[in-house]
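Take a moment with the sequence and the fold below. The paragraphs that follow walk through the strands, the helices and the charged pairs.

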Amino acid sequence: MKKTVFLIMIFSVAVSGCLGNGYRVFENQEIIFHYPASWSQVSFIHPPGDVDTYYEYAVTVAEPGGGLDTVATVEKLKANRSYPTPEGVPDKRNISLRGYPGVEFRYPENESMVRVTIISTPRGRYCLVCRARSEDFEGELENFDLIKYSFRVK
């Protein structure tokens, strides 16, 4: 009986250690970032060379069951291309993220708020686009910050 209780306790500690982080990890050959454990990866898009986009690839993670109301996308921008910034963005500021210079701004879009963080690294420029319904946006900032502050270039 004591042996069974001991094994159950060890199993419980092992499982809680695996689940205790509260986040999942996305990693490819050049970047890594964390996102909430309750979210899932929705897509990884690497458009063909003949498709004209402003990014080389984009990975999207989202809160499940929300109809993509709460979503974050990390994009590697193509050389000499920029994120299509809406006109008249009122909240634009210079930032430093892990020692890399960047810019961050917010803007409303339809019934959502969007926060965009663009950083320049030796491997290129990356754009972190976080979107949530306007009434949910402030409550999602902790999740968006998890992605932003865990983002690293290898």
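In which sense do strand 6 and strand 7 pair, and over how many bridges? They pair in the antiparallel sense, over seven bridges. Pairing here requires at least two bridges found by DSSP between two strands. Within this pair, Ile95 stands opposite Gly102 in strand 7. The hairpin of strand 6 and strand 7 has two residues between the strands, and Arg98 takes a positive phi near 55 degrees there.

A word on the source. This is a predicted model: local features need pLDDT of at least 70, side-chain atom pairs count only at pLDDT 80 or more, and totals for chains, interfaces and linings use all residues. Residues are numbered from 1 along each chain as its sequence is written, and side-chain values use heavy atoms, with hydrogens and water left out.

Now step back to the whole protein. It has two helices and ten strands. These elements are DSSP runs, numbered from the N terminus: helices are H or I with at least four residues, strands are E with at least two. From the N terminus on, the order is α-β-β-β-β-β-β-β-β-β-α-β.

Seven of the strands form an open sheet. Their order is 3-4-5-9-8-7-6, and the pairing is antiparallel. Strand 3 (40-45) and strand 6 (91-97) are the edge strands, and each pairs on one side only. From one strand to the next, the twist averages 20 degrees. Strand 4 (residues 55-62) and strand 5 (residues 71-77) also pair in the antiparallel sense, over seven bridges. There, Val61 has Ala72 in strand 5 as its bridge partner. In a regular strand the side chains alternate between the two faces of the sheet.

Helix 2 (residues 137-150) lies across six strands of the protein: strand 4, strand 5, strand 6, strand 7 (100-109), strand 8 (112-121) and strand 9 (124-133). Helix 2 runs at about 160 degrees to strand 9. Such angles run from 0 to 180 degrees between N-to-C directions, with axes fitted to C-alpha atoms, for helices over the stretch in contact. Contact means heavy atoms within 4.5 Å.

Next, the charges. Side chains of opposite charge can pair when their charged atoms come close. The structure holds 13 salt bridges, each a side-chain nitrogen of Lys or Arg within 4 Å of a carboxyl oxygen of Asp or Glu. One of them joins Arg81 and Asp52, at 2.9 Å from N to O. Arg81 sits in the loop between strand 5 and strand 6, and Asp52 in the loop between strand 3 and strand 4, 29 residues apart.

How covered are these side chains? Buried means under 20% relative accessible area, exposed over 50%, and partly exposed in between (1.4 Å probe, protein chains only). Arg81 is partly exposed at 31%, whereas Asp52 is exposed at 63%.

Another salt bridge links Glu56 and Lys76, whose closest N and O atoms are 3.9 Å apart. Glu56 is in strand 4 and Lys76 in strand 5, 20 residues apart. Glu56 is partly exposed at 33%; Lys76 is buried at 9%.

A third example pairs Arg106 with Glu138, at 3.5 Å from N to O. Arg106 lies in strand 7 and Glu138 in helix 2, so the salt bridge ties together parts that are 32 residues apart in sequence. Arg106 is partly exposed at 24%, and Glu138 is exposed at 55%. Elsewhere, salt bridges that share partners join Arg93, Glu104, Arg115, Asp145 and Lys148 into one network.
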